[in-house]
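I wanted to learn my way around this structure before forming any view of it. These are my notebook entries, in the order in which I looked things up.

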Amino acid sequence: MNRFGIRFSFTTFGESHGKAIGCVVDGVPAGLTIDEAYIQRELDRRKPGQNAYATARKEEDTVEILSGVFEGKSTGTPIAMVIYNTNQKSKDYSNIKDIFRPGHADYTYWHKYGIRDYRGGGRSSARETAARVAAGAIAKLMLREVGITVKSGISEIAGIAASSFDFDHVLTSEIYALDPSVEQAQKDAILLAKNDHDSVGGVAQVRIENLPVGLGEPLYYKLDAVLADAMMGINAVKAVEIGDGLLGTRLHGSENNDPIRHSGFESNHSGGILGGISNGDAVRLSVYFKPTPSIFREQHTTTTEGEDVDFALKGRHDPCVAIRGSVVCEAMAALVVADMLLLNMGRTIEGVARYYHV
């Protein structure tokens, strides 16, 4: 399945070491200003090769819009975007042509499809997420029209956790850190693992603000369920929490409930969602990334012929995939909310009559 969303949807295409990757975004309302410079800036945030904390693969990730935009405005037809791959080094993967890399999708893709694109994982590579960020930028342009903002940042790396969240600091941090007081320790942990030919995991925080009450489609397209689905579909994500998440299982109901006054909720343990529907508070997500499976240590594995072997991986890889992954989380959250906004427009007859000026 390569399509996500119902009313505001996108489909991605391409492989890590193919000619290009890209997406087709459908359901974009006509007349939306499409700021191409903004879309490019979003891609630049996810772009590889920016510093010592990311993969050495350098891609310009220049986006080209092929359709759906005329004179800077969306036409209401599908918006197709393409990003050409310019720095493939497929030979770096020639030594694993017939080898399953531990922690990767090689083993499962081979058994499911019987075909192996060993060049960086092909379709299963995180390279594909650049297309999601491009689609997410379109969604964010739409959300901006109604005052909704989506932010992200890194709260934890290698077990070194933030004690406070400063989303403004993220904009100037090389690792998108939320807490400047632990940023250097997080950086040191990344470089220590990198120099030891290893990798570390991390946690991304996503904050969605200024949502109206009412977004979410019970029972089987709840806002929290679809957000969790969107996050779990990102490479290397192994867990998602909404609001207080796991912490809530350790509390009494009297502690976990969010008291209500006419001015709003007095706390936000729920993460802005009740019954699968937004309650008007900020939606809070914690997204957990495993350590990058691409490490340069000798490991045990098998070949496509069932032979047990030891091997050492070569290539260019992120020592902590959570950093650039946080930008993808932000994009996916925006895509979910854009879809929910359009789905919600016709949920009452008053809304339908208002639209048609009845």
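The entries below go from an annotated residue to helix contacts, then to loops and single side chains.

**Entry 1: the annotated arginine**

I began by noting that this is a predicted model, and I kept that in mind for every value I wrote down. I then turned to the UniProt record, an unreviewed entry, where the annotation "binding site" covers Arg46. I found arginine 46 in helix H1, which spans residues 36-46. Is arginine 46 buried or exposed? Its relative accessible area is 3%, and because buried means under 20%, I recorded arginine 46 as buried.

I next listed what arginine 46 touches, leaving aside residues up to four places away in sequence, and the list reads Asp61, Ala126, Arg127, Thr129, Ala130, Val133, Arg324, Val327 and Val328. For one of these, Asp61, I could add a detail, since the side chains of arginine 46 and aspartate 61 are joined by a polar contact of 3.4 Å.

**Entry 2: H1 against H8**

I followed arginine 46 into the contact between helices H1 and H8, whose axes come within 8 Å and cross at roughly 145°. On the H1 side I noted Glu42, Arg45 and Arg46, and on the H8 side Arg324, Val327, Val328 and Glu330. Sorted by class, this contact of H1 with H8 has five charged residues, two nonpolar ones and no polar ones.

**Entry 3: H6 against H8**

I then looked at H8, residues 322-344, from the side of helix H6, residues 223-232, and found that the two axes come within 9 Å and cross at roughly 145°. I wrote down the crossing of H6 and H8 as right-handed. From H6 the contact is made by Leu223, Val226, Leu227, Ala230 and Met231, while H8 supplies Cys329, Met332, Ala333, Val336 and Met340. Which classes of residue make up the contact of H6 with H8? I recorded ten nonpolar residues, with no polar and no charged ones.

**Entry 4: backbone details in the loops**

I went through the loops next, and in the one between strand S10 (202-209) and H6 I located leucine 219. The peptide bond that joins proline 218 and leucine 219 is cis, with an omega of about 5°.

In the loop between H6 and strand S11 (237-242) I found alanine 236, which has a positive phi of about 75° although it is not a glycine. Histidine 197, which is not a glycine either, has a positive phi of about 60°, and its place is in the loop between helix H5 (180-195) and S10. I noted histidine 197 as partly exposed, at 43% relative accessibility.

**Entry 5: buried residues with named partners**

I looked up arginine 101 in the loop between strand S7 (79-84) and helix H2 (106-113), and its relative accessible area of 5% puts it among the buried residues. Its side chain makes a polar contact of 2.7 Å with the side chain of aspartate 106.

Lysine 187, in helix H5, is also buried, with a relative accessible area of 10%. Leaving out residues up to four places away in sequence, I found that lysine 187 touches Tyr53, Glu174 and Ile175.

I returned to helix H1 for tyrosine 38, which counts as buried at 13% relative accessibility. Again leaving out residues up to four places away in sequence, tyrosine 38 touches Ala137, Lys140, Leu141 and Arg144. I also noted that the C-alpha atoms of tyrosine 38 and glycine 122 are separated by 28 Å, the two residues being 84 residues apart along the chain.

**Entry 6: a serine in a strand**

My last look was at serine 286, in strand S16, residues 283-289, which is buried with a relative accessible area of 8%. With which residue does the side chain of serine 286 make a polar contact? The partner is the side chain of glutamine 205, at 3.1 Å. Not counting residues up to four places away in sequence, serine 286 touches Val203, Ala204, Gln205, Ala239, Val240 and Glu241. I closed the entry with a longer span, for the C-alpha atoms of serine 286 and leucine 66, 220 residues apart along the chain, are separated by 35 Å.

Note on methods. Residues are numbered from 1 along each chain as its sequence is written. This is a predicted model: local features need pLDDT of at least 70, side-chain atom pairs count only at pLDDT 80 or more; totals for chains, interfaces and linings use all residues. Side-chain values use heavy atoms; hydrogens and water are left out. UniProt positions are given in the numbering used here, feature names are shortened, and annotations may be inferred rather than shown by experiment. Helices (H or I, at least four residues) and strands (E, at least two) are DSSP runs, numbered from the N terminus. Buried means under 20% relative accessible area, exposed over 50%, partly exposed in between (1.4 Å probe, protein chains only). Contact means heavy atoms within 4.5 Å. A polar contact is a pair of N or O atoms within 3.5 Å; within protein, one must be able to donate a hydrogen and the other to accept it, and residues adjacent in sequence count only if both atoms are side-chain atoms. Axes are lines fitted to C-alpha atoms, for helices over the stretch in contact, and angles run from 0 to 180 degrees between N-to-C directions. A crossing is left-handed if the near helix is turned anticlockwise from the far one by less than a right angle, and right-handed if clockwise. Ala, Val, Leu, Ile, Met, Phe, Trp, Tyr, Cys and Pro count as nonpolar, Asp, Glu, Lys and Arg as charged, and the others, Gly among them, as polar.
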